[in-house]
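Hi,

Here is the structure I promised to send over. Have a look at it first, and then read on for what turned up.

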Amino acid sequence: MTERTSKTGRDEYAQLAKPGVFARLLSCGLDVEYHRARGDYLYCREADDPRTGRAGHSEGGASESDARPPSDRPAAAPGPDAGEIEILDLVGGFGAGLLGHNHPEVLQTVRELATQERPFLAQGSVRGAAGKLAAELSRRAEREVGEHHADGVPRKAPGERGYVVTLTNSGTEAVEAALKHAALERRRKLERLADEAARADASGAGSGTERAAALRELALAPPQFLALSRGFHGKTTGALQMTRAPEYREPWATLGVRVREIPAEDAAALAQAVDDATVSIPPAEPSSGGGRGADARFVDIAAIFVEPIQGEGGVFSLSTDYLAALRRAADEGDFPLVVDEIQTGMGRAGRFFAASESGLRGDYVLLAKALGGGVAKIGALLVRRDRYAAEFGRLHSSTFAEDDWASEVALTALSVIERDDIPGRASRLGERLLSRLRDVAERYPDAIAAVRGRGLMVGVEIADMSGSASPLIRVLAGAEQLGFVLAGYFLHRDHIRIFPTLSAPRTLRIEPSAYIAFDELERFAVALERACAALRAGDVYELCAFLARPGPGFSRDRHREPPGALRGAEVGPAQSSPPPRDLGKARDARRIRARPAEHTEKVGFLAHFLEPGDLRRWEPGLSPLSDEACERFLRRAREGIPPFVVGRSDMRSPAGTAAELTVVGLPFTPSQVMASLRSGEADWALELVARGTELAAGEGCRIIGFGGYTSIVTGNCRDVRPPPGVAVTSGNSLTAAAALEAVFEEARRRGRRRLRLAVVGAAGNIGAALAEVAGEEVDELVLVGRSRARRRLDALKRALDGRVRARIEVSTELGDLAGCDAILTATNAPSPIILPEHVGTGGVIVCDVATPGDVDPTVQRARPDASVLSGGRVRAPLGQKLAIDGFDLEPGEIYGCLAETLLLGLSGLHESLSRGPLRAD
Ligand code: F0G
């Protein structure tokens, strides 16, 4: 964190405003900051522009702004300044940008409001602007829902016509207001019926008391609302229950409103829901024969909500028939039908209300988004006047609602919409756009599943790409990330901004302003066509290489490892003169039982890239990327690429038992994790490991080994809670044991009797355990560490002195290694620390257990008589080769941590063996 606020606020946004979201923006290249907006364009700065800080982006895309909006359109942008990049905005504020950004007349209203010093806060007084807005909205709604005959003569008396308008500050608040009003309406109705029944009884008519009691009881029961599948109505607690995407709702499933979901377009399900909600009420009066009268029926539904075109759920227009069925159900059951026009309304879908297309009349209508003219935050609940509960205005209020500013802006927006025939424009442009996009879809049925929508509310559903030839595209598609990556692609390649709908992330949503030039929509169609061709060809380079561009997004984590330092990091330096250790020689076989051979145990192993270039090995489509580009790619995308299955391989033991290994890959490198660990910001890596564990468990693995940095970042598996019945292991026990055996066997092979052994990194957990075990076997033990670790080294010496056979010394100088016969090294240094001058002559044994390796590759060359061993590798019992792409292993070789995982699977020992700190026993 910088002390002062940075110039752009980028870092602060990442850390203090949207910590969880920023990484996702970054991962698909959407981490762009716009400083200006006009019409259908947003502007950001080029990366090297002095005004930028780091925001903006640097690489030019395809088309320059050849299609300036013609001058007849009020929002005509003056075009980019020097250093600005012009982005065509087809997101349109998720539908709020119907008039484009900063429409000049809307801005003029804002200026006038400021000049006139109009009140923003005058609660509890007559709000004239709010009144005018209410009247205007009521008039339009009246016109839309046909309260007039064709000749303009009203159908109803003035007091019954029109809508009462409750102003709010957002869409979701309008939804809350509707929920509250509907609940109030239901309660008042039940109370009224109860009063009537009681009165009837008082006049001696019969069983009214019983009826009144039943009605009063019902009035106090929580109301039930009906919501449609795929519906979206906002994210405050009540609206959230009407919003059906489980991802948003489930964390709060126990909160708030009682909702029954009915599948959209299913009239039978609607009828069933109404049926289920119908309750019998005891009769008010005896039957004519003097017996008990028939039960009355009451449909206990407080309201049903519908978006005429379901927007956030993936852009689905509801059929006229279905909308009519909703209307009928509401009429017959005498409950309000709430038409949510927050996204569809104001002309976006070709009519002032999208529902008008089907002749649907709402009892309540909700507006927001475009009502604010693109600059104000305002929403509205319209309630048919004959349904409105007069006390509602007192019961529901808000500090900011009804302010002059938003009300005047909305009035301007309404007059512009009328004057410029925005619904007509949206309808005509939308028709052309839809037919153009359907044309693309017809040519690329393998890339586009559907094109949907009406007016300027259009959805393009990308086909299921999980069968793509490209591994990265497969993984992105499987995790529903492809839509977001495509959004980044269009932004960087074409300077076009689109976004998938969040609950249907395969659907790209196109919602430009009604002033957009068709040329600009054509530009998108061309870009989409190119993307389709790339999807068809599995051309991951075309679609994803932009993630490797230099540019913003690397606010921290600037760590760079020296070139080549991480090659073979997991397994130590490449040379390993003597063969690796045998797996079969477990010292302590007490707990290991043979398992029946017919059972194949499923085990999983979490691995990660060892160096940035491994990205190319996994995804050959990215092979044109340099190492640096791969590094940038991974740094940017690591949180957007979910864990993936690298491959599967079988392993048999000499005893005949079998294990099936599933390797799960995580998209990071050791240097990235180290840098994050050092800055205390490795949560992202922990999260990826947790997701990787879930993936492996989901694949049926009952034992999961954590390779390389996945165990470091989880404190040797401690910080991950595996699902029930799943054991996890860091593999450190076998790795450490194999390293010790390697040293002693090499010593025996060389005929060494006495050993002076240095343990480098002895202050660390693994180093200390190695020292404790080795102390029993050697004559002299030198505990080596950095000067900062002096105290811990001394404490270890005190703990071991007299308990183990060896005479113990402590050193904080690598120079002292030169006098040792053997060196075991297990530090967490990010790059090699043991150089030729640290290794004495006369056949020193050097065993490297570190990840990344501690021993510099030059040591073996400079000291040809030394035995430089890879402590991290062991040999498979039958010399099996694991059929896993990307593992740099000779036939028969296995990483120690993986070997421990396999051993657990083969032996039937189902427990978390190496979890948490390693102990000598
Ligand atoms: N209703 C509908 C139909 C909406 O589309 C939205 C918001 C809301 C209510 C809530 O309005 O955001 O002002 O509170 N839809 C946006 C979207 C977020 O992505 O479609 P809000």
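Which residue has an N or O atom in its side chain 2.9 Å from an oxygen atom of the ligand? That one is Gln-343. Before going further, keep in mind that this is a predicted model.

Let's stay with the ligand for a bit. Gly-171 also comes in at 2.9 Å from a ligand oxygen, but there the partner is a backbone N or O atom. On the nitrogen side, a ligand nitrogen atom sits 3.0 Å from an N or O atom in the side chain of Lys-369. The protein buries 83% of the 470 Å² that the ligand exposes when taken alone.

As for the surroundings, the ligand has 14 residues around it. Gly-171, Thr-172, Asp-340, Gln-343 and Lys-369 are the closest of them. If you sort the shell by character, you get six polar residues, five charged and three nonpolar.

Now to the helices, where α16 (residues 518-537) packs against α15 (residues 482-494). Their axes are 11 Å apart and meet at an angle of about 125°. An angle over 115 but not over 145 degrees counts as oblique, so α15 and α16 are oblique to each other. The crossing between α15 and α16 is right-handed.

Helix α13 (residues 422-443) packs with α16 as well, at about 15° and with 10 Å between the axes. Since angles under 35 degrees count as roughly parallel, that makes α13 roughly parallel to α16. Here, too, α13 and α16 cross in a right-handed way.

Shout if anything is unclear.

Cheers

Conventions:
Residues numbered from 1 in each chain as written. Predicted model: local features only at pLDDT ≥ 70, side-chain atom pairs only at ≥ 80, totals over all residues. Heavy atoms only, no water. Near = heavy atom within 4 Å. Polar contact = N/O pair within 3.5 Å; in protein donor to acceptor, adjacent residues only side chain to side chain. Areas by Shrake-Rupley, 256 points an atom, 1.4 Å probe, with all protein chains shown as cover. Nonpolar A, V, L, I, M, F, W, Y, C, P; charged D, E, K, R; others polar. Axes fitted to C-alpha atoms, helices over the stretch in contact; angles between N-to-C directions. Helix = DSSP H or I, 4+ residues; strand = E, 2+ residues; numbered from the N terminus. Parallel < 35°, antiparallel > 145°, perpendicular 65-115°, else oblique. Left-handed = near helix turned anticlockwise from the far one by under 90°.
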